[in-house]
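Got the structure open in your viewer? Here is a short tour of places to select, one stop after another.

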Amino acid sequence: MKKMRLASLALAVVMAGSLAGCGGGGTTAETTGAADTQADTQAAGAGTEATTAAETVVAAEGQTVLKWSIWDKDLTTYYKPLIEAFEAANPDLKIEMVDLGSSDYQTVLGTQLTGSGSDFDIVTIKDVPGYTTLVNKGVLEPLDELIARDGVDLEAFKGITDQIAVDGKLYELPFRSDFWVLYYNKDVFDAAQVDYPTNDMTFDQYDALARSLTVDTPGQEVYGAHYHTWRSAVQLFGILDGKNTILDGSYGFLQPYYEMILSQQEDGVCQDYATLKTSNLHYSGAFSQGNVAMMNMGTWFISTLIDKVASGEYTDCANWGIVKYPHAEGVEPGSTLATITALSIPTSAPHKEEAWKFVQFVCGEEGAKIVADTGSIPALMTDDIASTISSMEGFPQDEASKEALQTANLYLEMPVSNKSSEIETVLNEAHDNIMTGNSTVEEGIAYMDDQVSQILTQ
């Protein structure tokens, strides 16, 4: 995976109604956390049927109607303002949304695009595996010639587009993004009279800080850190140096991170993995109890905190903040993990030129501003857009939290690969065995090396 240098701001607040984590960083809720947040940060999939539902669009004489595949039309706040702004700027075009439902969106979309008679002009891509599948089926239009012709500045995406190129060609442009940060409870730090975490911590400093906040008195436990049961909460620490990817087939680089967290687990610094799995405790529930000092999680969780603190439901973590991910020695602060949501044009699109206008608009600066105004995260960032998010009511107003929105290197949680689903299964199994003690770290890594290498050579 290429190392992405992000000099601009990338930020994250996903308000209720936008689809946090619908971007394609991983393949399952076990890996990205994104899909799981649909249960608590938005109503993604809640009450949404998988059947196709299209709005009624009345076109005036001389207008062209473009069909756009989406999910959760009534729950997503940025669809309507994006369409209104685009139609105002292009009075000869109308956008018709076709809701394919959330839960099986990529499956339904793939079926429609590979069948006869599909007339979508623009399609939304929900995740990386779904994108890879559609590219391999030959149903998405390469965008490179259009990008070159119109001088689209891919540098504005700060390297993310390099990671989604397939055989050197780009078949989608991102318009939404999320990334991982470190959440912390200021009240826990204040009670312990310990300084807050900073935006530049090595893993050694982070580990020492977590240990300094831990209280193991029965009935009064305070956990210096919390790790949800997704493998991404542990394994993806290892790819922040830009030297490794989760698809490499050689996983020795994960060993120091497993050793750190298993040691924390043994010493009561974090909750026991097996207990978390058995109890099915959600990360939001763990943090909201008020006895977790720090927790690594995606920016999609910001909206949950804002909403539930405002409603009075979360009282024990109301005084929260965020900082950048901890990093290995020599790694630039602000190196973190990302998920994206993107737009593509099908090869069967009836109006490709007009569809490209829409893709450019939504994925460009105008669209990014609109997305940010609704409280969601655009893939393309400017200082003004970042300021929009950090000034929202409920967002922490300390300078460190604002600065945490500035990223340096973004890496997709799951790179583009037609073998990602198979590899995912192996990595999840090994993670579970390591964290429950069914295998040693060395045994788990050896298993990953062996199984993934076999998959890669198939």
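## Stop one: helix α14

Start by selecting α14, where Ala355, Trp356, Phe358, Val359, Phe361, Val362 and Cys363 are buried. Keep in mind as you go that this is a predicted model. Now check the length of helix α14, which covers residues 352–363. Its twelve residues, at 1.5 Å a residue, should span 16 Å, and the C-alpha atoms at its ends are indeed 16 Å apart, so the two agree.

Two residues you have just picked, Phe358 and Phe361, also belong to a cluster linked by ring pairs. Add Trp68, Tyr78, Tyr79, Phe86 and Phe175 to your selection to see the rest of that cluster.

## Stop two: the nonpolar core

Stay with Trp68 for a moment. Along with Leu140 and Tyr183, Trp68 is among the residues with the most contacts inside the largest nonpolar core, a set of 135 residues. Which element gives this core its largest share? Select β5: eight of the core residues come from there. As background, nonpolar side chains tend to be buried together in soluble globular proteins.

## Stop three: Phe237 and its two partners

The structure holds 22 aromatic pairs. For one of them, select Phe237 and Tyr257: their ring centres are 6.2 Å apart and their planes meet at 50°, so this pair is tilted. Phe237 sits in the loop between α9 and α10, while Tyr257 is in helix α10, so the pair ties together parts 20 residues apart in sequence. Both Phe237 and Tyr257 are buried.

Now add Tyr325. Its pair with Phe237 is tilted too, with 5.4 Å from centre to centre and 55° between the planes. Tyr325 lies in the loop between β8 (320–323) and β9 (335–344), so here the pair ties together parts that are 88 residues apart in sequence. Tyr325 is buried, with a relative accessible area of 1%, and Phe237 counts as buried at 2%.

While you're in the loop between α9 (232–235) and α10 (255–266), click on Asn244. Its contacts include Gly238, Ile239 and Phe253, leaving aside residues up to four places away in sequence. Is Asn244 buried or exposed? Its relative accessibility is 17%, so Asn244 counts as buried.

## Stop four: two Asp residues with positive phi

Most residues other than glycine have a negative phi. Select Asp72 for a positive one, at about 55°. Asp72 is in the loop between β2 (64–70) and α2 (79–89). Then jump to Asp167, whose phi is also positive and near 55°; this residue is in the loop between α6 (160–163) and β5 (173–185). Turn on the surface and look at each: Asp72, at 1% relative accessibility, counts as buried, whereas Asp167, at 79%, counts as exposed.

## Stop five: charges over rings

Next, select Lys67 and Phe120. Lys67 lies over the face of the Phe120 ring, 5.7 Å from the ring centre. Do the same with Lys126 and Trp71: the charged end of Lys126 sits over the Trp71 ring, at 5.0 Å from its centre.

## Last stop: Glu403

Finish in helix α17 (residues 399–403), where you'll find Glu403. Glu403 is partly exposed, with a relative accessible area of 36%. Which residues does Glu403 touch, not counting those up to four places away in sequence? Show Asn199 and Lys324 to see them. Then draw a distance from Glu403 to Ile322: they are 81 residues apart along the chain, and their C-alpha atoms are separated by 9.0 Å.

Notes:
Residues are numbered from 1 along each chain as its sequence is written. This is a predicted model: local features need pLDDT of at least 70, side-chain atom pairs count only at pLDDT 80 or more; totals for chains, interfaces and linings use all residues. Side-chain values use heavy atoms; hydrogens and water are left out. Helices (H or I, at least four residues) and strands (E, at least two) are DSSP runs, numbered from the N terminus. The expected span of a helix is 1.5 Å times one less than its number of residues. Buried means under 20% relative accessible area, exposed over 50%, partly exposed in between (1.4 Å probe, protein chains only). Contact means heavy atoms within 4.5 Å. A nonpolar core is a set of buried Ala, Val, Leu, Ile, Met, Phe, Trp, Tyr and Cys residues joined through side-chain atoms within 4.5 Å. Rings of Phe, Tyr and Trp (its six-membered ring) pair if their centres lie within 6.5 Å; planes under 30 degrees apart count as stacked, over 60 as edge-to-face and the rest as tilted. A charge sits over a ring if NZ of Lys or CZ of Arg is within 6 Å of the ring centre and within 35 degrees of the ring normal.
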